[in-house]
Amino acid sequence: MSAVPSELAFGRSTGSRDGGQARLSTPALVYLTGVALAAAVASAPFIARLQDEQHTIRLWVTFLLLSTATSLAQVLLVKTPRNQSYHATNVFLLPAILLLPPELVVLIAVVQHIPAWLKNRTAWYIESFNICNYILATLAACGSAQLVMRAEAVIGNADLRFALAGCTASLVLVGLNHDLLAPMLMLARGHSIKES
C-alpha cells in the first residue's frame with residue numbers, strides 16, 4: 001500500500017446531477033484536458049501496435065492475471081476524509097511494467113479503473129483523470145525500465161539490471177503519478193502542493 005495518495009477523489013455534494021460529485025473548476029478542467037492530450041499522444045503508438053503485434057498465449061495470460069489483480073486492488077481501497085484514497089495497485093503494476101510490452105501496460109492502466117468506476121459511480125472527469133495519470137506514469141516507468149534493461153555495456157549482470165530496472169520503474173511510477181496528481185488536487189479541491 002502506498003503511503004501517499006495516488007488517486008484523485010472528490011468530496012460528495014448532495015443533489016448534483018453528476019452522480020453526487022462536485023463540479024470540476026475551469027482550471028482543473030484545463031489541466032485534465034492537458035493530461036488527457038498527453039496520455040493520448042503518449043499511448044497512440046502503442047495502441048496501434050495492439051492490432052499489429054502477435055502476442056503469445058503466455059503473454060495474454062500474464063496480462064489477464066495482472067490486470068485482474070490490479071483491478072481488484074483498485075476496488076479495495078481505503079478512503080480518507082481529505083479527498084484522497086490509498087490502494088495496493090502498484091504491487092501489480094510493477095510486474096506488469098517489467099513483464100509486459102508497453103501496449104499491454106497501457107491497457108492495464110485503463111482496465112484497472114473500470115470496476116471501481118462502475119462500483120463507485122464516480123463522475124467521468126475523476127476516473128478520466130486517474131486513467132490518464134496512470135497511462136502516463138506506467139508508460140514512463142515502462143520506458144525507464146527498458147532503458148536500464150538495455151544498458152548491458154554499463155551493467156553486465158542481467159539480474160542486477162533487472163533489479164535496477166524494477167527500482168527505477170518504481171520511482172518513476174510513483175513520482176510521476178504524484179507529480180501529476182498534486183496540481184489536480186490543488187486546482188480541483190484547493191489542497192496545497194505541500195498538503196498533497
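**A buried glutamate and the helices around it**

E127 is buried, at 5% relative accessibility. This value lies under the 20% cut-off for burial. The residue belongs to helix 6, which spans residues 124-149. Beyond its neighbours within four places in sequence, E127 touches H113, W117 and T122. The model is predicted, and the values reported here are computed from it.

The chain contains seven helices and two strands. Read from the N terminus, the order of elements is α-α-β-β-α-α-α-α-α. Two helices thus precede the two strands, and the remaining elements are helices. The chain has 196 residues, of which 45% count as buried. Contacts were also considered by separation in sequence. Of those between residues at least 6 apart, 75% join residues at least 24 apart.

Helix 6 also packs against helix 4. The two axes come within 8 Å and cross at roughly 150°. Angles over 145 degrees count as roughly antiparallel, so helix 4 and helix 6 are roughly antiparallel to each other. The crossing is right-handed. On the helix 4 side, the contact involves P102, V105, V106, A109 and V110. On the helix 6 side, the partners are I131, Y134, I135, T138, L139, C142 and Q146.

One of these helix 6 residues, C142, is buried, with a relative accessible area of 1%. C167, by contrast, is partly exposed at 49% relative accessibility. Partly exposed covers the range between the 20% limit for buried and the 50% limit for exposed. No disulfides are found in a search of the whole structure.

Helix 4 recurs in the surroundings of helix 2. Helix 2 runs from residue 57 to residue 75 and has 19 residues. From first C-alpha to last, helix 2 reaches 27 Å. This is close to the 27 Å expected at 1.5 Å a residue. Its buried residues are L59, F63, L66, S67, A69, T70, S71, A73 and Q74. The cover over these residues includes helix 3 (89-99), helix 4 (102-111) and helix 5 (114-120). Helix 4 therefore helps to cover helix 2 and is roughly antiparallel to helix 6.

Technical notes:
Residues numbered from 1 in each chain as written. Predicted model: local features only at pLDDT ≥ 70, side-chain atom pairs only at ≥ 80, totals over all residues. Heavy atoms only, no water. Helix = DSSP H or I, 4+ residues; strand = E, 2+ residues; numbered from the N terminus. Expected span 1.5 Å × (residues − 1). Buried < 20%, exposed > 50% of the residue type's maximum accessible area, 1.4 Å probe, protein only. Contact = heavy atoms within 4.5 Å. Disulfide = S-S within 2.5 Å. Axes fitted to C-alpha atoms, helices over the stretch in contact; angles between N-to-C directions. Parallel < 35°, antiparallel > 145°, perpendicular 65-115°, else oblique. Left-handed = near helix turned anticlockwise from the far one by under 90°.
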